[in-house]
Amino acid sequence: MPTPSLLSLPVAILQHTPLWVWPLLIYLVVMGLRAAQDRSVALMRPLILPAVFLMISLSSGAMLTHPVTALFWLVGLVCGGGIGVPVARRTDLRVLPDGRLQLPGEWLTLCLTLTIFTARFASGAIGSMAPAAMASVAVGGTLSLIVGICSGLFLGRGIGLVLRALRQSAQPA
């Protein structure tokens with residue numbers, strides 16, 4: 001019986017990946033690279049992508065089916081949010097006269113989106129190849145915790161930036 005090649009598993013995963021995943025990955029990389037540039041955005045813009053990722057993580061059926069993995073996700077979300085707000089405090093933020101925010105370039109958006117993407121991709125791959133492994137607390141819990149932390153950090157930072165901007169714009173010049 002021939003032994004499988006070391007590359008057979010990654011090749012099989014790539015062959016069975018839905019085609020829509022690749023444009024999504026390209027979009028996330030482009031958005032992350034844009035965030036690495038100084039930019040001016042609408043006041044609520046720092047909340048849009050984190051809210052989308054929060055909804056995506058809530059729809060992660062495989063990660064949230066077991067009560068313990070759902071708890072891991074929730075703990076990660078709260079801890080990540082607790083980290084995200086102080087990150088926002090350290091961000092150089094200016095409210096422009098037209099109410100838009102001037103934000104410095106940063107790499108955190110790219111890192112968070114790719115980490116969430118990778119965890120969700122792994123969840124899907126493991127869930128289709130070894131559903132019992134995905135149902136285990138060790139695997140499902142770890143991936144849920146990762147997605148929760150990243151989603152929480154992303155959302156906490158967005159909330160922190162918007163609240164700082166609102167406070168700055170409310171102060172008399």
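In this predicted model, Phe53 draws together residues from several parts of the chain. Beyond its neighbours within four places in sequence, Phe53 is in contact with Leu28, Thr113, Ile116, Ser151 and Phe154. Phe53 is also one of the ten residues of the largest nonpolar core. The other members of that core are Val21, Leu28, Leu49, Leu112, Ile116, Phe117, Cys150, Leu153 and Phe154. Helix 2, helix 3, helix 6 and helix 8 (137-170) each give two or more residues to this core. Apart from it lies another core, of eight residues. Leu77, Met134, Val147 and Leu155 are among them.

The overall architecture frames these cores. The protein chain contains eight helices and three strands. From the N terminus, the elements follow the order α-α-β-α-α-α-β-β-α-α-α. The C-alpha atoms fill a box of roughly 75 × 30 × 20 Å along the principal axes. Of the 173 residues, 35% count as buried. Among contacts with a separation of 6 or more, 81% come from residues 24 or more positions apart.

The packing of helix 3 (residues 45-58) was examined against two partners, beginning with helix 8. The axes of helix 3 and helix 8 come within 8 Å and cross at roughly 155°. Angles over 145 degrees count as roughly antiparallel, and helix 3 and helix 8 are therefore roughly antiparallel to each other. Helix 3 passes helix 8 in a left-handed crossing. On the helix 3 side, the contact is made by Pro46, Leu47, Leu49, Pro50, Ala51, Phe53, Leu54 and Ser57. Helix 8 supplies Val147, Ser151, Phe154, Leu155, Gly158, Ile159, Leu161 and Val162. By class, the residues of this contact divide into 13 nonpolar, three polar and no charged.

The second partner of helix 3 is helix 6 (residues 108-129). Here the axes come within 12 Å and cross at roughly 15°. Helix 3 and helix 6 are therefore roughly parallel to each other. Their crossing is left-handed. Leu49, Phe53 and Ile56 of helix 3 meet Thr109, Thr113, Ile116 and Arg120 of helix 6. This contact of helix 3 with helix 6 has four nonpolar, two polar and one charged residues.

Helix 6 also packs against helix 2 (residues 21-35). The two axes come within 8 Å and cross at roughly 160°. That angle makes helix 2 roughly antiparallel to helix 6. Helix 2 passes helix 6 in a right-handed crossing. From helix 2, the contact draws on Val21, Leu24, Leu25, Leu28, Val29, Gly32, Leu33 and Ala35. From helix 6, Thr109, Leu110, Thr113, Leu114, Phe117 and Phe121 take part. The contact of helix 2 with helix 6 has eleven nonpolar, three polar and no charged residues. Val21, Leu28 and Phe117 appear in this contact and in the largest nonpolar core.

Three further positions illustrate accessibility and spacing. Tyr27 lies in helix 2. Its relative accessibility is 45%, so Tyr27 counts as partly exposed. Tyr27 and Gln102 are 75 residues apart in sequence, and their C-alpha atoms are 23 Å apart in space.

Val87 is found in helix 5 (residues 67-89). Val87 also counts as partly exposed, at 25% relative accessibility. Leaving aside neighbours within four places in sequence, Val87 is in contact with Leu108 and Arg157. The C-alpha atoms of Val87 and Leu155 are separated by 11 Å, although the two residues are 68 residues apart along the chain. Leu155 itself belongs to the eight-residue core and to the contact of helix 3 with helix 8.

Pro97 sits in the loop between strand 2 (94-95) and strand 3 (101-103). With a relative accessible area of 89%, Pro97 is exposed. Pro97 and Ser169 are 72 residues apart in sequence and 9.0 Å apart in space, C-alpha to C-alpha.

Notes:
Residues numbered from 1 in each chain as written. Predicted model: local features only at pLDDT ≥ 70, side-chain atom pairs only at ≥ 80, totals over all residues. Heavy atoms only, no water. Axes fitted to C-alpha atoms, helices over the stretch in contact; angles between N-to-C directions. Helix = DSSP H or I, 4+ residues; strand = E, 2+ residues; numbered from the N terminus. Parallel < 35°, antiparallel > 145°, perpendicular 65-115°, else oblique. Left-handed = near helix turned anticlockwise from the far one by under 90°. Contact = heavy atoms within 4.5 Å. Nonpolar A, V, L, I, M, F, W, Y, C, P; charged D, E, K, R; others polar. Core = buried A, V, L, I, M, F, W, Y, C linked by side-chain atoms within 4.5 Å. Buried < 20%, exposed > 50% of the residue type's maximum accessible area, 1.4 Å probe, protein only.
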